[in-house]
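Please load the model in your viewer and keep the selection tool at hand. The stops below say what to select next and what is to be found there.

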Amino acid sequence: MEELLALLKGPLLTFVVVILVLGLIRQVVLSVWVLIEATRRAGDRNIPYARVLRNIAIWVFPVTRLHRSLPVFSYASFFFHLGVISSAVFLREHIDLFGPLGLSWPSIPRPYVDWLALLAFVGLTILLGYRIYVRQSRAVSGFADYVILVLLIVTVGMGYLAGQSWNVIPYDVTMVFHIAAGLAILVLIPFTKLAHCALYPLVRLSSEIGWHFTQEGGHDVVKTLYGPEGRKI
Amino acid sequence: MVDQTRITTTTTEEKKVAAEPKKQPYSYHLDRIPLAEDRAEKFLESFAAVLRHTNYKPVLDIYARSMAHCGRCATACPVYQTTEDPRDIPCHRSQQIVDIYKRYFTLGGWLRAKILGDDPLTNQKVDEIAESLYRCTACRRCSIECPMGLDHGLITHFGRYVLSEAGIDPKGLVVSVREQLEGETRNTSKVPLLALKDTLEFLEEDFESMKGAKIRFPLDEEGAEYVFFTPVSDYLMEAETLMGIAAVLTAGGVSWTIGTHVYDAINYGLFYNDWVLQRVVDQTLEETRRLKGRRILIGECGHASRVSQFFVPSFNRGEEIPVINIMELTYDLLKAGKIGLDPGVVTEKVTYHDPCNIARSGWIIDQPRAILRSFVKDFVEMTPNGRENYCCGGGGGTVSLDEIHKFRMEIGGRTKMEQIRATGAEIVVAPCANCKKQLRELMNYHKLPVQVVGLHDLILRAIRMPKSSSD
């Protein structure tokens with residue numbers, strides 16, 4: 001078990017982080033590139049960046065929006081994001097993994113991280129419940145949506161248990177599940193909807209730029225499909 | 001807040017109606033090619049051409065990598081709230097388009113199809129997509145509830161455009177557009193110029209006998225500040241709206257004119273085809289330049305206002321021509337004290353319906369309310385309203401599709417009907433030709449004793465004309 005843990009925390013972690021970083025850089029660079037290109041092609045290049053930024057900021061901390069639609073789901077989703085990001089980023093043990101790279105940043109004391117992880121766990125469980133039991137959520141859920149949720153639940157749940165003295169599962173087993181599921185999540189990020197962790201601001205921007213049409217787009221489409229004579233309506 | 005209980009009150013009859021279009025595919029959106037056997041192929045060819053020449057590709061690309069499928073958009077959609085039909089969930093609708101994009105236009109999708117042998121796109125799937133896209137009223141209410149910032153209205157717009165270039169477009173819209181762009185009258189209702197002139201003369205006389213003052217509908221006056229475009233159907237059906245607008249412009253001393261070459265503001269391109277959208281905008285710009293007008297003034301019409309405000313800058317190749325909606329201008333004139341409205345005339349209980357195309361972006365929400373509150377004694381709001389308003393149920397061009405009248409009455413417009421009923425209002429002000437048509441049919445269908453009028457219909461009743469116009 002110790003060797004497995006060492007493998008997970010050593011070479012596999014390095015491999016996953018490299019994939020994650022390179023994958024996200026690729027995602028962001030490609031997305032920014034296509035948006036710059038779209039703006040260049042647009043007939044009206046006057047993109048309301050200030051409004052887009054304001055809306056992004058509102059939805060990063062959507063305190064005034066959560067209660068309006070699916071309040072339980074919305075609060076669960078918000079607190080899951082808050083809990084999982086803060087506990088993953090600010091746990092001392094996680095920060096220490098970056099020590100060999102000479103990186104370090106302030107940590108949150110363990111008891112608080114435990115509460116944040118618990119918050120994330122409860123949020124995730126509610127989200128899974130919605131996917132399974134609420135008609136509209138179930139209707140739009142695919143296999144990947146369930147897999148990602150289960151992996152997150154295992155990662156957060158096992159991570160929380162690992163720090164508890166009352167945990168009846170052997171520590172090493174708990175950690176193997178925690179790290180293995182966590183690594184699976186990290187490696188999936190660039191290839192699944194989890195990429196929204198980096199693309200989030202670009203989604204809203206693309207929605208705005210999409211309405212800024214190319215000046216000759218309609219005519220060019222007709223020429224491509226029907227030849228230079230075009231078509232009648 | 002959205003009323004969740006409404007979901008459970010859907011009757012069996014309504015669900016049956018919701019399912020009806022499925023039984024008759026293309027009953028309301030086919031004009032040229034009767035059920036082409038190769039429509040899946042045509043759809044993909046059209047998809048590729050549109051991606052190549054437009055700005056939709058980055059949107060699909062980023063959406064494909066980010067859609068979280070939370071389903072929150074469903075709670076904002078008045079159609080889904082009534083039907084509970086999964087194909088009416090906005091992100092489900094978008095997902096169908098995104099899936100095709102991933103499958104046929106990305107390397108990952110191509111590889112996946114090769115390895116896993118994914119089924120190719122079928123005619124049946126195209127039929128399902130077409131039905132799904134035309135059940136949407138394109139009100140974009142879902143976009144304000146999406147935490148990610150996805151605009152499902154944009155994907156619906158794209159999907160309908162692809163369908164249209166594949167020969168699948170609503171005949172109710174195509175026939176009108178054909179007359180507007182290729183016919184003699186150059187307007188969607190085939191109103192000849194002579195009939196327009198007669199109507200305007202009649203309205204001038206009617207106003208004089210009603211108010212004892214004169215108004216003018218100036219035609220082809222070169223160099224006017226504003227060139228006025230309104231839905232041509234107004235000239236057939238909205239006499240009060242037109243007289244109210246002319247009264248405001250006359251009383252306010254505004255320099256304006258109506259062009260005799262192009263006088264229709266309707267642009268159905270917004271609902272199904274960008275090529276059409278651009279050609280109608282070009283026609284509007286051409287007429288404004290012919291008359292050496294400085295600004296485009298749009299009448300009471302949601303989609304025409306949005307098209308001009310947001311797409312004139314996209315398609316205009318010449319000098320900048322600002323666009324203004326008549327309600328903005330009336331508000332400015334009222335604020336400047338150039339028009340006066342009698343607060344004792346309108347005594348009925350009045351409510352205001354926000355047309356989605358001008359309210360969803362937050363563009364025109366306060367101006368009409370400020371005008372109404374200045375002279376209407378008993379004004380009551382619907383809940384919710386403004387940016388979060390509910391669609392009349394005839395948006396996205398569906399109001400012009402008579403084949404789906406029952407769907408519009410029992411599904412698309414149900415939430416709006418309940419909203420209006422809850423206000424207890426006797427008059428609904430709906431400053432949009434499409435909304436007015438839909439709401440009148442809706443009030444009639446549900447037997448609600450509510451009058452549906454334009455904003456300037458009420459202004460007509462209350463406006464105090466200056467003495468100079470009595471000469």
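**A guided tour in three stops**

Start where the two chains meet, bearing in mind that the model is predicted, and select helices α9 of chain A and α4 of chain B, whose crossing is left-handed. The first of these, α9(A), covers residues 196-210, while α4(B) covers residues 56-66, and the two pack at an angle of about 150 degrees with their axes 9 Å apart. Because angles over 145 degrees count as roughly antiparallel, that angle makes α9(A) roughly antiparallel to α4(B).

Now show the side chains of this contact. On the α9(A) side, select A:His196, A:Leu199, A:Leu202, A:Val203, A:Ser206, A:Ser207, A:Ile209 and A:Gly210, which meet B:Tyr56, B:Pro58, B:Val59, B:Ile62, B:Arg65 and B:Ser66 of α4(B). If you colour the contact of α9(A) with α4(B) by residue class, you should find eight nonpolar, five polar and one charged residues.

For the second stop, stay with chain B and colour it by its domain assignment, which gives domain 1 as 7-169, domain 2 as 186-335 together with 465-470, and domain 3 as 342-461. Select domains 2 and 3 of chain B, whose C-alpha centres lie 21 Å apart, and look at the region between them, where 27 residues of domain 2 are in contact with 25 residues of domain 3. On the side of domain 2 that touches domain 3, the elements giving two or more residues are α13 (233-237), α14 (239-251), α15 (269-272), α17 (302-315) and α18 (326-335) of chain B. Which of these helices gives the largest share of that side? Selecting α14(B) shows it, for this helix supplies seven residues. By class, the residues on this side of domain 2 divide into 12 nonpolar, nine polar and six charged.

For the last stop, select the open sheet of chain B, in which four strands follow the order β7-β6-β8-β9 with parallel pairing. The strands at the edges are β7 (378-380) and β9 (451-453), and each has a single partner strand, so one side of each is left without a neighbour in the sheet. Looking across this sheet, note that neighbouring strands are turned by 30 degrees against each other on average, when direction is ignored. Finally, zoom in on β6 (residues 349-352) of chain B, which pairs with β7(B) in the parallel sense over three bridges, and select B:Lys349 together with its bridge partner in β7(B), B:Asp378.

Technical notes: Residues numbered from 1 in each chain as written. Chains lettered and ligands numbered in written order. Predicted model: local features only at pLDDT ≥ 70, side-chain atom pairs only at ≥ 80, totals over all residues. Axes fitted to C-alpha atoms, helices over the stretch in contact; angles between N-to-C directions. Parallel < 35°, antiparallel > 145°, perpendicular 65-115°, else oblique. Left-handed = near helix turned anticlockwise from the far one by under 90°. Contact = placed C-beta atoms within 7 Å. Nonpolar A, V, L, I, M, F, W, Y, C, P; charged D, E, K, R; others polar. Domains from an automatic or database assignment. Pairing = 2+ DSSP bridges.
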